[in-house]
Amino acid sequence: MLNEHGRARSIAPGEISIATTAPDLRGHNALVTNALFPMAMALAEEFAAAGAGLVLVARDAEGLAALAEGLQRRYRTSVTVMAADLSQPETPRMIFDAAWAQSPLDLLIHHADHDSAAGNVDLDWAQHEATL
């Protein structure tokens, strides 16, 4: 979404809806990385509302716990949190293996966000590549 200056802005959880009628995702599981960024939180909220079990990954264990508690309370769905730094080379495999051991994954939302506050519009190509 764009602000009044035509620049990208953060989206608040619940501000957007992915579909007019949510799919039934009961029995499916989603892994959401960088889950504390606004877009990832909005997607986690939509998946939880549709009944999906969630595995949420971010660096901030306290923030993840608060997000998980809210989603579990509102949607009565399974939410697992993993505090981890995805910039470390071994972390993605560790996260995937741990999540898969609990339950097979159906959806992966890898939210690579360099810096939401600054916006990604002004990043040069090397900075975009670093987020991948």
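When I say that two residues touch, I mean that heavy atoms of the one lie within 4.5 Å of heavy atoms of the other. With that in mind, and remembering throughout that what you see above is a predicted model, let me start from one residue, leucine 54. Not counting residues up to four places away in sequence, leucine 54 touches Ala30, Ala44, Phe47, Ala48, Leu71, Ser78, Val79 and Thr80.

Several of those names will come back, so let me turn to the strands. Leucine 54 sits in strand β2, where it stands opposite alanine 30, and the two strands concerned, β1 at residues 29–32 and β2 at residues 53–58, pair in the parallel sense over 4 bridges. Strand β1 also runs parallel to strand β4, residues 107–109, to which it is joined by 3 bridges, and here valine 32 has isoleucine 109 of β4 as its bridge partner. If you look at the two faces of β1, you will find both of them covered, since Asn29 and Leu31 are buried on one side while Ala30 and Val32 are buried on the other.

Next comes the connection between β1 and β2. Helix α1, residues 38–49, completes a right-handed β-α-β unit with these two strands. The helix has 12 residues, and from its first C-alpha to its last it reaches 16 Å, close to the 16 Å expected at 1.5 Å a residue. Of those 12 residues 9 are buried, and α1 is therefore largely enclosed by the rest of the structure. The buried ones are Ala40, Met41, Ala42, Leu43, Ala44, Glu45, Glu46, Phe47 and Ala48, and what covers them includes β1, β2, β4 and the helix α2 at 61–75.

Methionine 39, which also belongs to α1, has a relative accessibility of 29%, and because buried would require under 20%, this residue counts as partly exposed. The C-alpha atom of methionine 39 is separated by 7.6 Å from that of alanine 12, although the two are 27 residues apart along the chain. After α1 comes glycine 51, whose phi is positive, near 100 degrees.

How many residues does the largest nonpolar core have? There are 20, and those with the most contacts inside this core are Ala35, Phe47, Leu54, Leu56, Leu67, Leu71 and Val79, so that our starting residue, leucine 54, appears in that list. At least two residues of the core are supplied by each of β1, α1, β2 and α2, and the largest share, 6 residues, comes from α1. Apart from this core lies another, of 8 residues, among them Leu31, Val57, Ala84 and Ile95.

Ile95 brings me to my last element, helix α3, residues 91–102, in which Thr91, Ile95 and Ala99 are buried. These three cover an arc of only 55 degrees around the axis, which means that they lie on the same side of α3. As a general point, an α-helix has 3.6 residues a turn, so residues three or four places apart point the same way. The buried residues of α3 pack against β1, β2 and β3, the last of these at 79–83, whereas the face turned away from the buried side carries the exposed residues Arg93 and Ala101. As for its length, the 12 residues of α3 should span 16 Å at 1.5 Å a residue, and because its end C-alpha atoms are 17 Å apart, the model agrees with that expectation.

Notes. Residues numbered from 1 in each chain as written. Predicted model: local features only at pLDDT ≥ 70, side-chain atom pairs only at ≥ 80, totals over all residues. Heavy atoms only, no water. Buried < 20%, exposed > 50% of the residue type's maximum accessible area, 1.4 Å probe, protein only. Pairing = 2+ DSSP bridges. Right-handed = clockwise from strand over helix to strand, strands pointing away. Expected span 1.5 Å × (residues − 1). Arc of directions from axis to C-beta. Core = buried A, V, L, I, M, F, W, Y, C linked by side-chain atoms within 4.5 Å.
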